[in-house]
Amino acid sequence: MNITITENLTQVQKNIAAACVRSSRNPREVTLIAVSKTKPLEAMQEAYRCGVRDFGENKVQEIIKKAPEMPPDTRFHMIGHLQRNKVRQVLPHVVMIHSVDSVRLAQEIELAAEKENRMIDILLEVNVAGEESKFGFSPDEISEAMEQICSFPHVHVRGLMTIAPFVENSEENRPIFKKLFQLYVDMKPKNYDNSNIMTVLSMGMTGDYEVAVEEGATMVRVGTGIFGAR
Ligand SMILES: *Cc1c(COP(=O)(O)O)cnc(C)c1O
């Protein structure tokens with residue numbers, strides 16, 4: 001048994017609970033996604049035995065390899081940049097795609113989901129800080145993208161996702177999380193279509209998930225903090 005993963009998980013869950021207390025939130029509103037990219041199946045299985053069901057991966061090939069080896073109630077989340085020509089391959093293995101960064105990608109997902117005769121939950125990725133190196137819609141593109149994507153019948157837009165900049169002090173990212181929360185709140189009442197109910201705000205990683213929870217995250221994506229350095 002890998003004590004480290006078990007202990008790390010307990011610590012991360014405690015930290016999430018404490019952040020919820022500080023911000024008067026219900027910890028049940030926050031889903032921990034264990035980011036297992038580059039890590040072996042044994043590490044994932046250990047996390048699974050501790051109760052984790054949601055895993056984040058950023059490479060299509062890795063998801064295709066790992067998914068059939070995990071118990072059937074494991075939920076895979078695609079969190080990395082997704083190329084349109086890989087959508088069909090990855091779709092059968094994932095419950096949610098967090099990294100939808102263009103209308104064309106959403107359209108490809110729609111076509112693949114229709115073909116498979118299923119619905120797929122997606123999040124729109126927002127490049128809040130406007131970093132050159134990052135994918136995602138700019139904040140002022142979101143509402144138009146949302147309108148277009150909401151007309152796709154097999155794609156359900158559940159909310160927004162961001163990857164905050166790498167910073168020394170997690171407080172530096174608080175304004176980023178506040179801004180994504182505000183975008184999310186502003187979009188909710190528009191109620192584009194009742195199959196597109198917005199309930200998910202995916203933000204926060206190992207370095208800053210506690211701040212993200214304080215600012216309203218409903219999904220945090222933690223890799224290093226659970227599985228150790230990559
Ligand atoms: C790798 C990754 C994470 C997890 O990063 P850690 O710092 O190891 O917690 C979260 N989100 C995305 C999109 C990632 O690619």
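Here is a short tour of the ligand site and one salt bridge, stop by stop.

Before you click, know that this is a predicted model, where local features need pLDDT of at least 70, side-chain atom pairs count only at pLDDT 80 or more, and totals for chains, interfaces and linings use all residues. Residues are numbered from 1 along each chain as its sequence is written, and side-chain values use heavy atoms, with hydrogens and water left out.

**Stop 1: the ligand's neighbours.** Select V35, K37, I79, I163, M205, T206, R221, V222, G223, T224 and R230: these are the residues around the ligand, each with a heavy atom within 4 Å of it. Sorted by class, that shell has five nonpolar, three polar and three charged residues; Val, Ile and Met are among those counted as nonpolar, Lys and Arg count as charged, and Gly counts as polar.

**Stop 2: polar contacts.** Now show the side chains that reach the ligand's oxygen atoms, looking for pairs of N or O atoms within 3.5 Å. For T206 the distance is 2.4 Å, and for K37 it is 2.7 Å. R230 puts a polar side-chain atom 2.8 Å from a ligand oxygen. Alone, the ligand has 390 Å² of accessible area, and the protein covers 89% of that (Shrake-Rupley method, 1.4 Å probe).

**Stop 3: a salt bridge.** Which residue does R75 meet in a salt bridge? Select D54: the two side chains come together at 2.9 Å, N to O (the cut-off is a Lys or Arg side-chain nitrogen within 4 Å of an Asp or Glu carboxyl oxygen). R75 belongs to strand β3 (residues 75-78) and D54 to strand β2 (residues 54-57), 21 residues apart; strands here are DSSP runs of E, at least two residues, numbered from the N terminus. The structure holds 13 salt bridges.

Terms used:
A polar contact is a pair of N or O atoms within 3.5 Å; within protein, one must be able to donate a hydrogen and the other to accept it, and residues adjacent in sequence count only if both atoms are side-chain atoms. Helices (H or I, at least four residues) and strands (E, at least two) are DSSP runs, numbered from the N terminus.
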